[in-house]
Amino acid sequence: MTKHSLPASRSAIDSEPDELDEGDAPIDPGVLEAIIPESEAGQRLDKVLAALFPQYSRSRLQQWCESGLVRMGTQCAGVRDKARAGELLRVAVPALPEDTAFAPEDLPLDVVYEDAALAVLNKPAGLVVHPAAGNWSGTLLNGLLARYPEVAGLPRAGIVHRLDKDTSGLMVTARTLEAQTELVRRLQARTIHRQYLALVWGQVDRSFNVDAPIARHPRDRLRMAVVQGGKPARTDFTPLAERDTPWGRLTALRCKLHSGRTHQIRVHLQFAKLELVADPVYGGRVRPDLPLARQALHAARLGFRHPASNAPIDCVAPIPDDIAALWDLCGGTPEEIDPRHWPALTV
């Protein structure tokens, strides 16, 4: 296969993407109180609530009305009720899951390397890295806060970069502000080296790279895509081994990142017309007869220089059982895809 490229319009390479919606301000459970002023008399109650309590979104205030948490005078008040001047409004603010999103949780963490400045973790598939809608607890961040209490004072508990929920493998996190600042700087300078194992349907007869900018998909906000004017992104792909299977040709690839865009490897594989095994978001067919229920992508090797001592660190994460089982089922041997046999990272 040959190089795939699309010109990018931006020259600067942005830092690791971290696109979390801010949403409402943190909520303190309790009771809100306010007297309805004359100027608001006769207005719909949800409009009055939004004016009196602007720290909360109107939709959230409407939900509280519908849940019976808002009283005007002595009666429960509805969204469409008319405000009565001089009446006392009382809102019983509920505790919400996101209020405890940054609470420590004693989760099992697979620590590959740690010292006073940082830790390298082997994240299992299925573990969310950072709390967000639908995953306010049980995340890697919650586990970090329990194991390393000092990271509570760091931005995002020392997390420097992220992996998709269903991608397994290595991540580096900081334990001090100095280490986090330096690791972010090195990530931006592309001196933190990351290599992944990917299993794809299709034949790849030689190494190739995809140099194509990535941005939000123009029509599907849950996906990324190669988009003219997106953020510059490059991935190198090297075939490790191939197997003929009843489902078609299966190829194991070593993937080297030169940038860190959201879903970068998955988007670049799709752009190269290769199908990452079991990735339904980017076209990978999920086959119930295969021992793999998530995309076959594993962050297998991570190399960088220590932010304090500048000593080289080269970490390897063993191939997880589900990917190893699929490769074995297809007639492959562990040695063919073992990241310990890959060339040493130059850091």
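Modeller: Let's start with two words: helices (H or I, at least four residues) and strands (E, at least two) are DSSP runs, numbered from the N terminus. This is a predicted model, where local features need pLDDT of at least 70 and side-chain atom pairs pLDDT 80 or more, while totals for chains, interfaces and linings use all residues. Residues are numbered from 1 along each chain as its sequence is written, and side-chain values use heavy atoms, without hydrogens and water.

Biologist: Thanks! How many helices and strands does the protein chain have?

Modeller: Picture the C-alpha trace first: along its principal axes, it spans about 75 × 45 × 40 Å. Within that span, the protein chain has seven helices and 17 strands.

Biologist: What percentage of the residues in the protein chain is buried?

Modeller: We sort residues by relative accessible area with a 1.4 Å probe, counting protein chains only: buried is under 20%, exposed is over 50%, and partly exposed is in between. The protein chain has 347 residues, and the buried share of them is 46%.

Biologist: Which strands stand at the edges of the open sheet of four strands?

Modeller: The order in this sheet is S2-S5-S3-S4, with antiparallel pairing (two strands pair if DSSP finds at least two bridges between them). An edge strand here has a single partner strand, so one of its sides is left without a neighbour in the sheet. That describes S2 (30-35) and S4 (75-76).

Biologist: Which residue in S5 is the bridge partner of Arg71?

Modeller: Look at strand S3 (residues 70-72) and strand S5 (residues 88-93), which run antiparallel and are joined by three bridges. Follow Arg71 across to S5, and its bridge partner there is Arg90.

Biologist: Which residues of strand S17 point to one face and are buried?

Modeller: In a regular strand the side chains alternate between the two faces of the sheet. Strand S17 (residues 312-316) shows this alternation, with Pro312, Asp314 and Val316 pointing to a face where they are not buried. Pointing to the other face, and buried, are Ile313 and Cys315.

Biologist: Which residue is the bridge partner of Phe304 in S17?

Modeller: Strand S16 (residues 297-305) runs antiparallel to S17, and five bridges join the two. In S17, the partner of Phe304 is Ile313.

Biologist: Is Asn310 buried or partly exposed?

Modeller: Asn310 sits in the loop between S16 and S17, in a hairpin with six residues between the strands. Its phi is near 70°, a positive value in a residue other than glycine. With a relative accessible area of 38%, Asn310 is partly exposed.

Biologist: And His263: does it count as buried or exposed?

Modeller: His263 lies in the loop between strand S14 (248-257) and H5. Like Asn310, it is a residue other than glycine with a positive phi, near 60° for His263. Its relative accessibility is 18%, so His263 counts as buried.

Biologist: Why is helix H5 largely enclosed by the rest of the structure?

Modeller: Helix H5 covers residues 264-271. Its buried residues are Gln264, Ile265, Arg266, Val267, His268 and Leu269. H5 is largely enclosed because the number of its eight residues that are buried is six.

Biologist: What is the phi of Lys273, after H5?

Modeller: Lys273 follows H5, and its phi is positive. So we have a positive phi in His263, in the loop between S14 and H5, and again in Lys273. For Lys273, the value is near 65°.
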